[in-house]
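Here is a short tour of some local features in this chain. Have the sequence and the 3D view at hand as you read along.

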Amino acid sequence: MILSCQNICKSFQEKNILKNVSFHIEDQDKAAIVGINGAGKTTLLRIITGEITADEGNVTLSKNKSFGYLAQHQSVDSNNTIYNELLTVKQELIDLEARIRETELEMKTASGETLERLMAAYSMLTHRFESNDGYSYRSELVGVLKGLGFSEEDFSKSISTLSGGQKTRVALGKLLLLKPDLIMLDEPTNHLDMSSISWLETYLLNYKGAVIIVSHDRYFLDRISNKIIELDQTKATVFPGNYSNYAVKKEALRSARLKAYMNQQQEIKHQEEVIAKLKSFNREKSIKRAESREKMLDKIERLEKPTEARTDMHISLEPKYVSGNDVLSVENLSKSFDSLRLFEDIGFTLKRGEHVAVIGDNGTGKTTILKIINGLLAPDSGTIHLGTNVHIGYYDQEHHVLHMEKTLFEEISDDYPYLTNTEIRNTLAAFLFTGDDVFKHIGDISGGERGRVSLAKLMLSESNFLILDEPTNHLDIASKEILEDALNRYTGTILYVSHDRYFINRTASRILDLSGKTLTNYLGNYDYYTEKKQENILTLSAADVAAPSHNPEKETAAKLSWKEQKEQQAKQRKKENEIKRIEEQIERLENRNAEIDGQMAKPDVCTNVAKLQELAKEKEGILTQLNDLMERWEILESED
């Protein structure tokens with residue numbers, strides 16, 4: 001065990017944040033701390049590092065063990081270049097290398113005992129240098145920099161000229177090169193593109209030490225974590241496994257707790273009714289029996305009602321008008337900024353109802369494409385054609401569509417003057433803005449809060465074509481899941497940019513990969529994209545070995561025709577729709593099954609043999625249907 005946290009408590013201004021939080025981290029654990037915004041995740045990390053002190057409890061780091069911590073916003077103040085800044089981490093090896101060179105020079109002119117002494121020292125120094133990977137530290141440093149998205153041209157840039165995100169990446173690089181026994185990372189993927197996140201996943205998976213991560217990136221947590229520490233209502237619960245395992249177990253646990261709570265409430269209500277009845281007799285014996293039951297009732301340890309699953313935000317996206325079947329046509333689109341060519345001659349089409357994600361590394365031009373389609377930027381060449389009756393709703397990650405000088409109430413009322421004051425307040429309340437919050441100025445609220453205001457306006461727009469730029473930025477996991485469900489129910493067309501791979505997996509039916517100044521089409525979600533991309537890489541590698549010369553016929557044959565792709569997409573949609581229908585049937589039957597259990601527990605039913613037989617027969621039929629539906633669901637899920 002490398003770390004032990006026992007009964008950690010922390011309050012701010014009499015508000016409990018953490019209460020009796022306990023867990024431990026083994027030497028090679030990859031643990032994730034999850035919870036809604038404000039649950040205390042960052043506070044817990046800062047208590048572990050000693051930045052702030054706990055009100056109660058103990059943090060114990062094993063003897064002779066080191067740790068490193070990357071905060072969300074990490075400032076690096078230095079006049080060094082990026083390369084030299086990371087080199088400071090290896091100063092001990094640099095000094096050791098210098099001593100080896102000095103010793104080599106001294107040995108050239110030494111003799112006798114002096115030479116023997118220098119040779120012994122040289123042997124010791126080189127052994128120490130080699131055992132600390134001295135011969136590979138510079139290549140390791142370059143590998144980390146490239147993995148985190150820095151090009152060789154960036155290596156010579158001064159730290160003082162970098163953006164906040166770039167400085168955070170430099171700080172992350174230094175931490176990885178330090179190789180502490182325990183690494184603690186607070187939202188490490190915020191400033192990384194998909195390639196860098198994938199590299200970091202592989203790095204951490206192979207890391208010999210322990211890792212604690214706070215992140216809203218569920219795909220990242222799925223790949224990395226073997227332990228989830230959930231913070232909920234000041235308390236911590238530890239779940240073995242990755243995020244997906246945790247989500248299933250969490251829902252099962254919540255359902256069990258809710259059932260226990262409802263049963264207890266039912267029993268309390270029954271006892272209260274019996275007590276009231278006994279007292280109404282107004283006899284000494286009856287009153288004593290009532291008092292005895294009251295004492296028993298007072299001794300019951302009342303269960304807390306579990307938090308409802310994902311009920312924070314309420315998003316309902318539905319188009320007011322149906323668009324034509326052809327929603328968008330993009331042809332021969334090109335765009336440059338000065339000498340930087342982002343993309344050239346790209347083209348694609350969108351049909352009604354498609355949910356399409358645009359992905360690619362930072363700086364490839366994804367947001368630029370969205371802005372051109374939305375008329376905010378002019379292309380250098382090419383055409384954009386919107387179909388019949390298409391109405392765009394635009395979500396801008398920088399929230400330029402919001403007015404910093406307006407209050408939240410004014411932001412909604414000015415754009416939707418037909419709404420009553422009550423309707424505006426209800427809309428804002430659905431996005432967690434209540435009371436005097438509605439009179440705050442847009443310029444005074446956080447990025448996450450601005451995101452929620454933008455989503456509220458998007459909901460009110462009733463558009464049939466949504467263009468979304470990083471819609472999950474600043475949202476916690478619960479809010480992301482609410483947005484995912486809303487988009488999956490949406491019957492209009494969606495084109496969005498996102499680096500959230502879990503979000504893409506759940507919401508995209510097609511992916512456009514922007515790389516090498518061009519777009520490549522993949523008919524499927526993110527998992528399908530990664531699988532096909534890997535297949536393409538292997539195919540190209542094999543082709544290079546077998547026939548390095550250019551072969552247009554093979555290249556053409558390797559690509560699916562548009563007709564085949566559309567047929568494949570239609571088949572995939574049909575399968576997804578059937579899965580959705582089955583899941584809805586399963587949910588409906590499970591709810592009815594739970595209702596029957598509740599009815600059978602009622603005092604007036606459990607003594608009624610005829611009613612019990614009727615309910616038992618219905619329950620048997622439900623279980624048979626559930627078994628058939630689950631078998632069909634498993635078959636569909638296992639199909640390619």
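Where is Leu-432 found? Leu-432 belongs to the loop between α13 (421–430) and α14 (447–461). Please keep in mind throughout that this is a predicted model. The backbone at this place deserves a look: although Leu-432 is a residue other than glycine, its phi is positive, near 75°. As for its surroundings, Leu-432 counts as partly exposed because its relative accessibility is 34%, and partly exposed covers the range between 20% and 50%.

Asp-345 also has a positive phi without being a glycine, here about 55°. The setting this time is a strand, β11, which spans residues 340–351. With a relative accessibility of 54%, Asp-345 is over the 50% cut-off and therefore counts as exposed.

A positive phi turns up at a glycine too. Gly-50 comes just after helix α1 and has a phi of about 90°. The three backbone angles are set out below.

| Residue | Phi | Place |
|---|---|---|
| Asp-345 | about 55° | strand β11 (residues 340–351) |
| Leu-432 | near 75° | loop between α13 (421–430) and α14 (447–461) |
| Gly-50 | about 90° | just after α1 |

Now step back into the helix that precedes Gly-50. How many of the 9 residues of α1 are buried? The helix, residues 41–49, is mostly covered, with 7 of them buried. Those buried residues are Lys-41, Thr-43, Leu-44, Leu-45, Ile-47, Ile-48 and Thr-49.

Thr-49 leads us on to another part of the chain, since the contacts of Phe-67 include it. Setting aside neighbours within four places in sequence, Phe-67 touches Thr-49, Leu-61, Pro-180, Leu-182 and Met-184. Phe-67 sits in strand β5, residues 67–70. Its relative accessible area is 36%, so Phe-67 is partly exposed. Looking back along the chain, Asp-55 is 12 residues away from Phe-67, and 22 Å separate their C-alpha atoms.

Finally, turn to the surface. Which residues gather in a patch of negative charge there? They are Glu-583, Glu-584, Glu-587 and Glu-590. One of them, Glu-590, is located in helix α19, which runs over residues 562–600. Glu-590 has a relative accessibility of 44%, which means that it counts as partly exposed.

Notes. Residues are numbered from 1 along each chain as its sequence is written. This is a predicted model: local features need pLDDT of at least 70, side-chain atom pairs count only at pLDDT 80 or more; totals for chains, interfaces and linings use all residues. Side-chain values use heavy atoms; hydrogens and water are left out. Helices (H or I, at least four residues) and strands (E, at least two) are DSSP runs, numbered from the N terminus. Buried means under 20% relative accessible area, exposed over 50%, partly exposed in between (1.4 Å probe, protein chains only). Contact means heavy atoms within 4.5 Å. Patches are made of residues with over 30% relative accessible area and no salt bridge: like charges are joined within 9 Å, nonpolar side chains (Val, Leu, Ile, Met, Phe, Trp, Tyr) within 5 Å. Accessible areas come from the Shrake-Rupley method with a 1.4 Å probe; for residues, only the protein chains shown count as cover. A salt bridge is a side-chain nitrogen of Lys or Arg within 4 Å of a carboxyl oxygen of Asp or Glu. Lys and Arg count as positive and Asp and Glu as negative; His and the chain ends are not counted. The place of a charge is taken as NZ of Lys, CZ of Arg, CG of Asp or CD of Glu.
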